[in-house]
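Open the model in a viewer and keep the selection panel at hand. The stops below go from a helix to a whole chain, and then to single residues.

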Amino acid sequence: MTAEDWQIIGFTLWAAALGTLLILPPGAALAWLLARRSWPGKALVETLVALPLVLPPVATGLILLKLLGRRGPVGGFLEKFCGLEIVFTWRAVVIATAVMSFPLFVRAARVAFEEVPVRLEQVARTLGRSRAQVFLSITLPLAARGLTGGAVLAFARALGEFGATVMVAGNIPGKTATIALSIYSLVQLGQDDAALRLLAVSVVIAGAALWAAETWLGRRKKKADPLAPLPHG
Amino acid sequence: MQTPSLRLTDVRLPLAAFHLQVNATLHGRVTALFGSSGAGKTTLIEIVAGLRQPACGRVQLNARTLADSATGAWVPPEHRRVGYVPQEGSLFPHLSVRANVLYGQRARQRGAARVAAPKFTLESVVETLEITPLLDRPGVNSLSSGERQRVALARALLADPEILLLDEPLAGLDAPLKARVLPYLARVRDEFAVPMLYVSHAPDEVMALCDDVLVLERGRVLAQGAPRDLFVPAREPRYVLKTAAS
């Protein structure tokens, strides 16, 4: 492993982790709204959120490029008023991974919230707790398994993001190159050995994340399974 | 025993099969909401608990108006001071037995729903319901059906309610277990003096526990009165509604 390899691995892990962390609060809030509330425009929002799942990733990348570029509405605003450059920087990598992982997390989180029995939340309300207190003390802990599963899935997706990232962040060595982008360019350059090293690292990281999640979730399931059969008597 | 006054004035709510329409004052220590399955009993208890909003009408508990469509008054469930025990108990599966029992008490000790001097202590409630040995269990999954109902009852009592709303608490239990749990309900009635609204479709339970009965049929009040005036002895079940017997 070269110093360059370690830089790529570190940057990929950092960008994927930051992208995942960024989507957790809005993703959980949106998933809860989709699971528990009816509101005008809900179907439209559902479609928009799911769009990155079905669009070619480079198409999503192109949309991001147009939005976040210097002449784009968001990118232009950020550069003019905050002095922030987005495209072809690490910020673009984080945004691309976040956008591509968002629908996966929202879908998992929505199912997690839907599986919490409404009756438990109602009982908690009658026991004197406000909506916010019920959410924090009942809904969130009971949905924790599903939310964690969704976060791990989002992180794994972020680690391997390619199409949207290459469009909006390019593949700049030492600046925006991630494991996935580097594997592609190394193969293009005929440096298969270096590409295989990064491939092995990818497998180890993704496998470790999934194993950790499964182990933790499995332990939680054994500890408190609301669907376990009741003893009688 | 505190004299309860739960007044339902022209409470209406359209349901899938019929329109619920109730006009009644409930004044028993333990009032039974009696009727066949799908008569609207659970819906009515949910309206009292604040879990459903009636299309129109007024709900008053003692001196307080909990809901009034004419004025737009609406007290949310957390401020109603009702102790709701659903059919399945609905214990929180991620909390220990002790945390379940104390869930409502903690809420009443803080925040807007605060009660200055709670009527019941943890010790008195758990001793009466004989759940002291269960308190140290780390989860509720190991509890039997009867234990679950007693823990749910303790949880509701410790929230210091003005009225207990019990939605068929014995429905999921077989006959011998029912016979073991019923005395605990009678103890709550006699020792804690909390008025109860008791949903049931079992005449035996109503005769054993209640002193007032509201009979519901397809969302309408069919009759109201003392159990002995509304039920006649029968072979199996041991009591039936007079109208059904004649």
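The coordinates are those of a predicted model.

**Stop 1: the helix of chain A**

Select residues 3-36 of chain A. This is helix α1, with 34 residues. From the first C-alpha to the last, α1(A) reaches 49 Å, close to the 50 Å expected at 1.5 Å a residue. Now centre on A:Leu24, where α1(A) bends by about 40°. Which proline follows within four residues of the bend? It is A:Pro25. When reading side-chain directions along a helix, recall that an α-helix has 3.6 residues a turn, so residues three or four places apart point the same way.

**Stop 2: chain B as a whole**

Hide chain A and show chain B as a cartoon. Chain B has 8 helices and 13 strands. Its radius of gyration is 18 Å, close to the 18 Å that the globule rule gives for 246 residues, so chain B is as compact as a globular protein of that length. Along the principal axes, the C-alpha atoms of chain B fill a box of roughly 50 × 50 × 35 Å.

Colour chain B by burial next. Of its 246 residues, 46% are buried. For a contact map, take the contacts in chain B between residues at least 6 apart in sequence: 68% of these join residues at least 24 apart.

**Stop 3: the hairpin of β10 and β11**

Select residues 212-217 and 220-225 of chain B, which are β10 and β11. The two strands pair in the antiparallel sense over 5 bridges. To see the register, pick B:Leu214, which stands opposite B:Gln224 in β11(B).

Then move to the loop between the strands, where B:Arg218 lies. The hairpin has 2 residues between the strands. What is the sign of phi at B:Arg218? Phi is positive, about 45°, although B:Arg218 is not a glycine. For background, most residues other than glycine have a negative phi. Is B:Arg218 buried or partly exposed? B:Arg218 counts as partly exposed because it has 16 C-beta neighbours inside 10 Å, and a residue needs 20 or more to be buried.

**Stop 4: a positive phi in a strand**

Finish at B:Asp10, which lies in strand β1 (residues 6-14) of chain B. B:Asp10 is not a glycine, yet it has a positive phi of about 50°. Its C-beta neighbours inside 10 Å number 13, so B:Asp10 counts as partly exposed; 12 or fewer would make a residue exposed.

Key:
Residues are numbered from 1 along each chain as its sequence is written. Chains are lettered from A and ligands numbered from 1 in the order in which they are written. This is a predicted model: local features need pLDDT of at least 70, side-chain atom pairs count only at pLDDT 80 or more; totals for chains, interfaces and linings use all residues. The expected span of a helix is 1.5 Å times one less than its number of residues. The bend at a residue is the angle between axes fitted to the seven residues ending there and the seven starting there. The radius of gyration is taken over C-alpha atoms; the globule rule is 2.2 Å times the number of residues to the power 0.38. Two residues are in contact if their C-beta atoms, placed from the backbone, lie within 7 Å. Two strands pair if DSSP finds at least two bridges between them.
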